[in-house]
Amino acid sequence: MLVLVAGATGNIGQKLVTSLLRRGHQVRALARNPDKLPGSLTSQLEGFVKSDTYHDLPALETACTNVDAVICAYNGAPELIVEGQLFLLRAAERAGARIYVAASWNADWRRQKLGDHDSYDAFHCFRRLAELTVSNLRPHFIFSGILAEVFFSVPGRVSFSPQNHGVWDGEESRVEIWGDEGCKWQWTSEADAAEFAAAILEQRNAADGGFWTVCSGYDSLVDIARIYGRVRGTTVRVERVGSVEELRETALAARAKSHPTTLWDYIGYFYVLYIIDGTWTPGAFDNEKLGVKGTPLEEYLKQNPDV
């Protein structure tokens, strides 16, 4: 099929292009800067549509013409998740696309209401607006947990280090643990995230939309530290920093002193909180249904020596 990847030059976007081409699909790219895509990928594209902004309607119309499916790989900026995706979704619907995969590689925000987690409010809004106003193009949403590259604060991604109230300190080789050290974290590599999205397009009922819970791994922080240490030949120090309730108090106090426009002053606390308090505990995984096994942590680390 002919698949449009919107945001094709981004971290997941490039991996989507690679995965789709490997599976034998035609791929069209939509992005602002074609120079960010390696020439080895550009040469294999059906086409590249350059857009100036997320509301570049002529570019969106051109990009969606005759495509069978659209995968949105926009980053998590609220204006992109709501306004940008709505512009893209409308263009896809007008062009007759059958399948739309939303930019949604994150935890399962369906269990929360607006205001519980500022970063995910935009996803709630887009989902509801799509339900209310789109007649025949039903989005897919992928719940993958934290992306491995974000967890390990790989350059070019959001940092999830303790400095931003995350848990993994790569510079000091340590991990901070709130609550039960046996609590498991759902995580997915960017490459696997792309594979899951590509597999969704190939499902018999892909036009129906839906929700998918997937992962590369489901491991405790203690296990992640142990596996990382073994693969890298180092020792990762495990530090207990407080209970679930202590983290909740810390998170709420930090948010009360800040503003949503500067949410990185506090949002990291909430990412950790909703994992360890059970809010984001995943249900059954859909890996087998999609035919994508997922890459275990040890293999992922060996494949990515710079992590």
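In the predicted model, strand β7 (residues 146-147) pairs with β10 in the parallel sense over two bridges, two strands being paired if DSSP finds at least two bridges between them. Helices (H or I, at least four residues) and strands (E, at least two) are DSSP runs, numbered from the N terminus. The bridge partner of Ile146 in β10 is Trp187. Strand β10 also pairs with strand β12 (residues 217-220), here in the antiparallel sense and over four bridges; Lys184 stands opposite Ser220 of β12. Four of the five residues of β10 (residues 184-188) are buried, so this strand is largely enclosed by the rest of the structure. Buried denotes a relative accessible area under 20%, exposed one over 50%, and partly exposed a value in between (1.4 Å probe, protein chains only).

An open sheet of three strands, with mixed pairing, follows the order β8-β9-β13. Strands β8 (168-169) and β13 (237-242) occupy its edges, each with a single partner strand, so one side of each is left without a neighbour in the sheet. The pairing of β8 with strand β9 (residues 174-178) is antiparallel and comprises two bridges, and Trp168 stands opposite Val175 in β9. Helix α8 (residues 221-232) lies across β8, β9 and β13 and runs at about 170 degrees to β9. Contact here means heavy atoms within 4.5 Å; axes are lines fitted to C-alpha atoms, for helices over the stretch in contact, with angles running from 0 to 180 degrees between N-to-C directions.

Residues are numbered from 1 along each chain as its sequence is written. Because the model is predicted, local features need pLDDT of at least 70 and side-chain atom pairs count only at pLDDT 80 or more, whereas totals for chains, interfaces and linings use all residues; side-chain values use heavy atoms, with hydrogens and water left out.

A salt bridge is defined as a side-chain nitrogen of Lys or Arg within 4 Å of a carboxyl oxygen of Asp or Glu. By this rule the count comes to 24 salt bridges. One of these joins the side chains of Arg23 and Glu195, with an N to O distance of 3.0 Å. This pair links distant parts of the chain, 172 residues apart: Arg23 is in the loop between α1 (11-22) and β2 (26-31), and Glu195 is in helix α7 (residues 190-201). Arg23 is partly exposed, with a relative accessible area of 24%, whereas Glu195 counts as buried at 16% relative accessibility.

A salt bridge is also formed between Arg94 and Glu61, whose closest N and O atoms are 2.4 Å apart. Arg94 lies in helix α4 (residues 78-95) and Glu61 in helix α3 (residues 57-64), so the pair ties together parts that are 33 residues apart in sequence. Arg94 counts as exposed at 51% relative accessibility, and Glu61 as partly exposed at 31%. The side chains of Asp116 and Lys113 likewise meet in a salt bridge (3.3 Å, N to O), Lys113 being exposed at 57% relative accessibility. Asp169, Arg174, Glu176, Arg237 and Glu239 are joined into one network by salt bridges that share partners.

Within helix α5 (residues 118-133) lies Glu131, which is partly exposed at 44% relative accessibility. A polar contact of 3.0 Å joins the side chains of Glu131 and Arg128. Such a contact is a pair of N or O atoms within 3.5 Å; within protein, one must be able to donate a hydrogen and the other to accept it, and residues adjacent in sequence count only if both atoms are side-chain atoms.
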